[in-house]
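Thanks for making the time this morning. I would like to walk you through one model, taking its parts one after another, so please have the view open in front of you.

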Amino acid sequence: MAKYVCAMCGNTLGMMESINREFQDDGKGRGLCLKCHQYFTKNVAGRLEAVNGPREFKMVQESVLDQVKTEKGTAGYEYVKDFFKYKEKEFASGGENGRWEICPVCRDARDPQDDVCPTCGYLYSDRKVLSREDYIRAAEGRYEQYQKNPLYEYKVEIIVDSALTGTVRKEELQRMLSVYAMDGWRLHTALTNEAGKTVLAAAGVGANATVDQTVLIFERCIKSREN
Ligand SMILES: [Zn+2]
Ligand SMILES: [Zn+2]
């Protein structure tokens, strides 16, 4: 007659004792003695009862594994780790024992608190321009689309306005735009940035004088769109 060894405490089970299998153990056939089963029910399985969502699951898993490692050693830890792996799959299965949804695009578990998938950006709610199917098709084909998208390069130029007159250097701006435009660049963004007054004061410029920097960002297409 086969003798069973408890997967947690390592004790051999007595002839009349039955082994407690806590989960489908992928053919490993491990199980627990009655004492460890009671421990398991209270400190492991019981802790998962109210868990709702993958984030909470991970937190419980971490805390339970810590506790089991301290109280039951490596063998118990390995058993419980496999149990959590099994439960995570089950909860995310969408089946009878499923507890939470799966993102239809990236297949990550959906946390009930999230409206947007933190992994792929899929919007779980129904307010969409595209239908759910269109969106999934688009998201699944996005790497292909990236290769078809145009590519750009960018360049930043900074024009410092006259500290004395405080005026925009119109001529310099005009010249710079023309030079870049003839080289295939177009102005993408222009912004002004007031230079630090302490620096100016330290440089001997009056504290009332403001010097602006005009930041120009140029864009140039380096690969056109493919259809
Ligand atoms: Zn045991
Ligand atoms: Zn996703």
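How many bridges join strand 1 to strand 3? Before I answer, please keep in mind that what we are looking at is a predicted model. The count is ten, and the two strands they join, strand 1 and strand 3, the latter covering residues 212-223, run antiparallel to one another.

Let me place that pair in its setting. The two strands belong to an open sheet of three strands, whose order is 1-3-2 and whose pairing is antiparallel. At the edges you will find strand 1, residues 151-160, and strand 2, residues 186-194, each of which pairs on one side only. If you follow the sheet across, the twist from one strand to the next averages 20 degrees.

It helps to pick out some individual positions. From strand 1, Tyr154 stands opposite Glu219 of strand 3, and Val160 faces Gln213, again in strand 3. Turning to the other edge, strand 2 pairs with strand 3 over eight bridges, in the antiparallel sense. Here Thr189 has Ile217 of strand 3 as its bridge partner, while Asn193 stands opposite Gln213. Gln213 is therefore a useful residue to click on, since Val160 stands opposite it and Asn193 does too.Is strand 2 buried or in the open? None of its nine residues is buried, so strand 2 lies largely in the open. There is also a helix to consider beside the sheet: helix 5, residues 170-181, lies across strand 1, strand 2 and strand 3, and runs at about 160 degrees to strand 1.

Now let me move to another part of the chain. Which residues have the most contacts inside the largest nonpolar core? That core has 13 residues, and the ones with the most contacts inside it are Cys6, Met8, Leu32, Cys36, Val44 and Val80. Helix 1, residues 34-43, and helix 2, residues 54-91, each supply at least two residues of this core, with helix 2 giving the largest share, five residues.

Finally, if you would like to explore the surroundings of one core residue, you could start from Leu32, which, leaving aside residues up to four places away in sequence, touches Cys6, Ala7, Met8, Ile19, Asn20, Glu22, His37 and Phe40.

Terms used: Residues numbered from 1 in each chain as written. Chains lettered and ligands numbered in written order. Predicted model: local features only at pLDDT ≥ 70, side-chain atom pairs only at ≥ 80, totals over all residues. Pairing = 2+ DSSP bridges. Helix = DSSP H or I, 4+ residues; strand = E, 2+ residues; numbered from the N terminus. Axes fitted to C-alpha atoms, helices over the stretch in contact; angles between N-to-C directions. Contact = placed C-beta atoms within 7 Å. Buried ≥ 20, exposed ≤ 12 C-beta atoms within 10 Å, placed from the backbone. Core = buried A, V, L, I, M, F, W, Y, C linked by C-beta atoms within 7 Å.
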